Amino acid sequence: MTTKKKTKPSGSGRLAGRVAWISGATSGIGEAAAELFAREGAKVAIVGRRRELGQAIARRINRTAPGAAIALACDVSRERDVKASIAATVKRFGRLDILVNNAGMVEIGDLHTYTEAQWDRVMGVNVKSMFFAFKHAFPHLRKAKRGYVVNVGSISSFVGQARTPVYTTTKHAILGLTRSIALDYAAHGVRCNCVCPGITETPMLWEHLNVRPDPKAALAERLQRVPMGVSLSPLDVAKSIRYFSCEDSAGITGTSLTIDCGYLTAAEWQCTGPTLFQENV
Ligand SMILES: NC(=O)c1ccc[n+]([C@@H]2O[C@H](COP(=O)([O-])OP(=O)(O)OC[C@H]3O[C@@H](n4cnc5c(N)ncnc54)[C@H](O)[C@@H]3O)[C@@H](O)[C@H]2O)c1
């Protein structure tokens with residue numbers, strides 16, 4: 001019996017021929033975006049601090065998806081790391097079309113207890129990183145004649161959430177940065193938009209729920225506040241990131257897309273019973 005060699009599917013997706021740099025792509029939303037982009041034919045740099053995790057994801061993508069992937073170790077709060085990871089992406093894949101600024105972190109606490117180092121760390125990872133990435137990606141985005149920048153905000157870009165003052169500040173700042181880039185670089189063929197997720201089941205969310213005595217009950221309690229009654233998957237959010245990373249969103253720049261199952265629609269909300277979104281259909 002002859003064994004048939006498994007071949008990778010060929011790439012003719014929405015992102016065929018495009019090269020994307022995605023930060024925080026070793027888990028959660030960033031990982032889902034890397035997988036989705038590669039399924040759509042993109043070549044993807046998986047950028048994050050955890051090299052082994054990134055390499056495992058890249059191997060999986062290179063085995064199964066029409067696109068391709070490399071893993072690059074990078075602390076996004078350090079300019080030289082960001083610069084090197086962008087240079088390595090262009091060296092490996094020959095160009096850069098899409099920048100996804102997704103890496104982020106939260107510090108829970110009351111503002112008066114923060115140290116300057118804690119404040120700087122969250123600012124560095126969540127906002128300054130976007131400045132570094134744009135600065136070093138821009139020459140390549142301009143060269144590509146069409147550049148797509150997608151910044152990941154949050155529902156905390158619009159409202160405050162308890163005991164996350166620096167996180168909330170950074171996520172509001174991301175909207176301002178998104179608009180500034182959109183304005184100043186439109187002439188260079190660059191569009192810049194922001195995706196603002198609500199409750200998404202990723203390691204970041206579970207890290208917070210896991211400190212509660214009953215994490216599943218804590219999630220259910222939070223979802224009482226959500227009209228659709230459900231959480232988002234990382235893939236749900238990745239699809240919005242893809243939307244802003246190609247011509248599906250032609251003509252849109254400087255805007256934000258809230259993807260939150262209705263969370264911000266009402267000032268107050270209490271689910272009174274199950275919703276159809278909670279049924280697996
Ligand atoms: N999960 C949610 O409910 C939710 C809601 C709104 C917004 N977000 C945003 O989505 C983005 C992705 O988060 P996620 O939910 O997928 O969680 P996650 O923890 O899985 O992903 C965050 C990623 O950022 C990486 N990261 C953190 N600091 C870094 C650094 N210095 N250098 C490089 N990488 C670094 C982490 O290693 C991780 O891979 C974040 O910007 C987060 O604020 C998440």
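## Helix packing, sheet and ligand shell

Helix α4 (residues 116-144) and helix α5 (residues 165-185) pack at an angle of about 15°, their axes lying 9 Å apart. Because angles under 35 degrees count as roughly parallel, α4 is roughly parallel to α5. As you look at this pair, please keep in mind that the model is predicted.

The crossing in which α4 passes α5 is right-handed. On the α4 side, W119, V122, M123, N126, V127, M130 and F134 take part, and they meet V166, Y167, T170, A173, I174, L177 and I181 in α5. Sorted by class, this contact of α4 with α5 has 12 nonpolar and two polar residues, with no charged residues.

A second helix pair is worth a visit. Here α1 packs with helix α8 (residues 234-243) at an angle of about 60°, and the axes are 8 Å apart. The two helices α1 and α8 are therefore oblique to each other. Their crossing is right-handed. From α1 the contact draws on G28, I29, E31, A32, A33, L36 and F37, while α8 brings P234, L235, V237, A238, K239, I241 and R242. By class, the contact of α1 with α8 has 10 nonpolar residues, one polar residue and three charged residues.

Here are the two pairs side by side:

| Helix pair | Angle | Axis separation |
|---|---|---|
| α4 and α5 | about 15° | 9 Å |
| α1 and α8 | about 60° | 8 Å |

Now for the sheet. It is open and built from seven strands, in the order β3-β2-β1-β4-β5-β6-β7, with parallel pairing. At its edges are β3 (68-73) and β7 (256-259), each of which pairs on one side only. From one strand to the next, the twist averages 15°. Helix α1 packs on this sheet, touching β1 (19-23), β2 (43-48), β3, β4, β5 and β6 (190-197), and the direction of α1 makes about 170° with that of β1.

For a closer look at one strand pair, take β4 (residues 98-101) and β5 (residues 147-152): these run parallel and are joined by four bridges. Within this pair, I98 stands opposite Y148 in β5.

Finally, the ligand. It is surrounded by 27 residues, and the closest are G24, G28, G104, T202 and M204. Two helices, α1 (28-39) and α6 (203-209), each supply at least two residues of this shell. The shell around the ligand comprises 12 nonpolar, 13 polar and two charged residues by class. Helix α1 thus links several parts of this tour: α1 packs on the sheet, α1 packs with α8, and α1 supplies residues to the shell around the ligand. G28 is a nice residue to click on, as G28 is among the closest to the ligand and also takes part in the contact of α1 with α8.

Definitions and conventions. Residues numbered from 1 in each chain as written. Predicted model: local features only at pLDDT ≥ 70, side-chain atom pairs only at ≥ 80, totals over all residues. Near = placed C-beta within 6 Å. Nonpolar A, V, L, I, M, F, W, Y, C, P; charged D, E, K, R; others polar. Pairing = 2+ DSSP bridges. Axes fitted to C-alpha atoms, helices over the stretch in contact; angles between N-to-C directions. Contact = placed C-beta atoms within 7 Å. Parallel < 35°, antiparallel > 145°, perpendicular 65-115°, else oblique. Left-handed = near helix turned anticlockwise from the far one by under 90°.
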